[in-house]
Amino acid sequence: MNRLEQLDKQIARLKRRAVVLEEISRKYWNARRAIFAGGVVLALVFCSFAGSTVAWFLAALIAIAFFVVTVFHTRVRESLTRNSLLIELKQIQIARIHLDWDHIPPAELSISTITVHPFETDLDITGERSLHRLLDCAVTKEGSDRLKSWLLSVRPDAQLIKHRQALVQHLKTRSLFRDKLQLLSAIARLSTAGPTRVRTTNWNSRILVDWIERSRPGNSLLPTILFLSVLSALNIACIVLASLEKIPQIWPITLLIYASAMLLMQSRIATAWGELQELEKAMTHFKAVFAYLESRSYGDTPLAQICAPFLDQDKRPSNEMRRLGRLAAALGLRTNPILWFLIHLVVPWGFIFTHRLELLKKEIAHLLPRWLDAWYELEALNSLANFAYLNPHYVFPEISPDANRFAAQELGHPLLKPESKVCNDFELDHEQRIVILTGSNMAGKSTFLRTIGVNVCLAYAGAPVNAARLELSLFRLFSCIKVSDSVQDGLSYFYAEVKRLRALLAAARVNDGLPVLFLIDEIFRGTNSRERLIGSRSYIRALSQTTSVGLIATHDFELIKLADEIEGVANLHFREEVHDGRMIFDYRLRSGPCPTTNALTIMRLEGLPVEL
């Protein structure tokens, strides 16, 4: 059974469960209405004929029954919400398999220095129809950004890649854990944003950490508490001794001093109740996710280290939530002014528990970033594992200890639909360091450059790649594919391309432990053919004198002669055939220079005049 069949069966099962839950929910609604209506009628009847005592007793029983039914009904409605979210999660997984962009959650557009990144825009790593959007299952903005940073890493690390691969392979086989984590994260987001889709925009969960950082307490309340406690003890002692006629009736004076001191210092605790409510409310949003993570047993699995912050017996999120609950109950007495006043006659209650709140905030400010960091890491890993699960035919690459090694079998582009995708074998090594890639228009040159780049990004992020096998060294990836002019900066297309190629060459010339893997499409296309040829030959010669490797796609057939002049330069090509007035592309990579061109054919097929 393939993934689509599995997902379809899961969705069908969830929909059947939704029908059952809806029926149960409808029965509970009817029961609640019947209990309410019947209770009102019976209470009136008994009140008229059996006396008010019996009526009140009956009303209490009916209220209890109504409460119990309401509790069970609420659980059913929550189950319906979870079931609906699970259906949507499974439908999104199907959309990811089909590359159905209309049903994949939209990308989070952000302002960044995209133009200076070595490959972000060229390879469609971010954007509307991008690799990041295809992979991203994170609910939090921080989890999504972490995944993005992995895909955009410019300095890969072999140990880190292998570590992530082990985590992703572990998570790939644990569908229930991944689905439950994503479901609880989505529910947590819904509790902050109200009913909506699984994810229309990322949830910025960092706001809570920022709030705690902003509201750090100032001077400690401990001296104030000690001072007020002494006054309180003195006042109580005066009252007791005066009642025993041991001392004169001076307790009204000590009480006045104690009350005045407390009123003067009241500003220190004025905001405590509001702060506690905000903190408790914010922590509640994380409660379900954290409770799930701390309830799991990880043993010696790769997840144990990541989830370690949730397993500390004394510092678990559930323990901190219980402490918050106790503080809320203590400070909540202020909602009863009379009781609040009487307690403060005896002890500086509000000051004591405000001090404990400040201590708890300090502790949570230390613990919460660790919990959130683990959550963000799991969300990013979850995205890679989900990608691996949905594409079981993809493989995890091997990181080669050799330099300048790239060997792929059946390499394909993960952003192309399976029915239109053609996979190719390709290799770069010491004997074939620079490839001159020729071919006709629309033959697949640019797509192949992106195919290599995208799979390199996946490999370095720790994800599986679209290949039957991939072995590659560590490279600094740099591309020059989507160059555009800039009106704001006053740059022509050609000058923008020159600046990009200059940056690429500068990176290749840097004495670095990692060589550059370059991908260049239509080099110097912004100028005339004579100067383009001179510039291209010189540029390729300069690249050949560095340790870099890569591909250069071009229409300039004069450049194929460089294979005979420069060691390590080779020619590969794509071609097409014309049958019955139609151009047919097989997108197969072949050795040697391209023997055909198709520009005039395309013009003629589109009805443009062509002089032969």
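How much area does the protein expose, and what share of it do carbon and sulfur atoms supply? The protein exposes about 30,600 Å², and 58% of this comes from carbon and sulfur atoms.

## Overview

The model is predicted. The protein has 612 residues, and 49% of them count as buried. Its secondary structure consists of 19 helices and 12 strands.

Contacts can also be sorted by how far apart the partners are in sequence. Among contacts between residues at least 6 apart in sequence, 76% join residues at least 24 apart.

## The sheet of four strands

Strands of a sheet pair through backbone hydrogen bonds, either parallel or antiparallel. One open sheet has 4 strands in the order β1-β5-β2-β3, with mixed pairing. The edges are taken by β1 and β3 (424–428). Each has a single partner strand, so one side of each is left without a neighbour in the sheet.

The pairs can be followed across the sheet. Strand β1 (residues 398–399) runs parallel to strand β5 (residues 469–472), and 2 bridges join them. In this part of the sheet, I399 stands opposite L472 in β5. Strand β2 (residues 406–411) is joined to β5 by 4 bridges, and these two run antiparallel. Here Q409 stands opposite R469 in β5. On to β3: β2 and β3 run antiparallel and are joined by 4 bridges, and A408 stands opposite F426 in β3. Helix α15 (residues 445–461) lies across β2, β3 and β5, and runs at about 110° to β2.

## The sheet of six strands

Another open sheet has 6 strands, in the order β6-β7-β8-β4-β9-β12, and its pairing is also mixed. Its edge strands are β6 (476–480) and β12 (590–591), each of which pairs on one side only.

Within this sheet, strand β4 (residues 434–439) and strand β8 (residues 549–554) run parallel and are joined by 5 bridges. The bridge partner of L437 in β8 is A553. Two helices pack on the sheet. Helix α16 (residues 493–509) touches β6 and β7 (516–521), and its direction makes about 160° with that of β6. Helix α17 (residues 529–544) touches β4, β7 and β8, and its direction makes about 150° with that of β4.

## A histidine in a loop

H117 lies in the loop between α2 (52–98) and α3 (131–135). Is this residue buried or exposed? H117 is buried, because its relative accessible area is 13% and the cut-off for buried is under 20%.

The side chain of H117 has two polar partners described here. It reaches the backbone nitrogen of E120 at 3.1 Å. A polar atom of the H117 side chain also lies 3.0 Å from the backbone oxygen of L152. Leaving aside neighbours within four places in sequence, H117 is in contact with L152, V154 and R500. R500 falls within the residue range of helix α16, 493–509.

## Two buried residues in helices

W340 belongs to helix α13 (residues 337–346). With a relative accessible area of 13%, W340 is buried. Apart from neighbours within four places in sequence, W340 is in contact with A330, L331, L333, R334, W349 and G350. The C-alpha atoms of W340 and G350 are 8.7 Å apart in space, while the two residues are 10 apart in sequence.

E363 is found in helix α14 (residues 349–390). Its relative accessible area is 19%, so E363 counts as buried, since the limit is under 20%. Which residues does E363 touch, not counting those up to four places away in sequence? They are K315, E320 and R323.

## Cysteines

A disulfide is a covalent bond between the sulfur atoms of two cysteines. How many disulfides does the structure hold? The number is 0.

Two of the cysteines can be described by their accessibility. C238 counts as buried, at 6% relative accessibility. C457 is also buried, with a relative accessible area of 3%. The position of C457 is within the residue range of helix α15, 445–461.

Terms used
Residues numbered from 1 in each chain as written. Predicted model: local features only at pLDDT ≥ 70, side-chain atom pairs only at ≥ 80, totals over all residues. Heavy atoms only, no water. Pairing = 2+ DSSP bridges. Contact = heavy atoms within 4.5 Å. Axes fitted to C-alpha atoms, helices over the stretch in contact; angles between N-to-C directions. Buried < 20%, exposed > 50% of the residue type's maximum accessible area, 1.4 Å probe, protein only. Polar contact = N/O pair within 3.5 Å; in protein donor to acceptor, adjacent residues only side chain to side chain. Disulfide = S-S within 2.5 Å. Areas by Shrake-Rupley, 256 points an atom, 1.4 Å probe, with all protein chains shown as cover.
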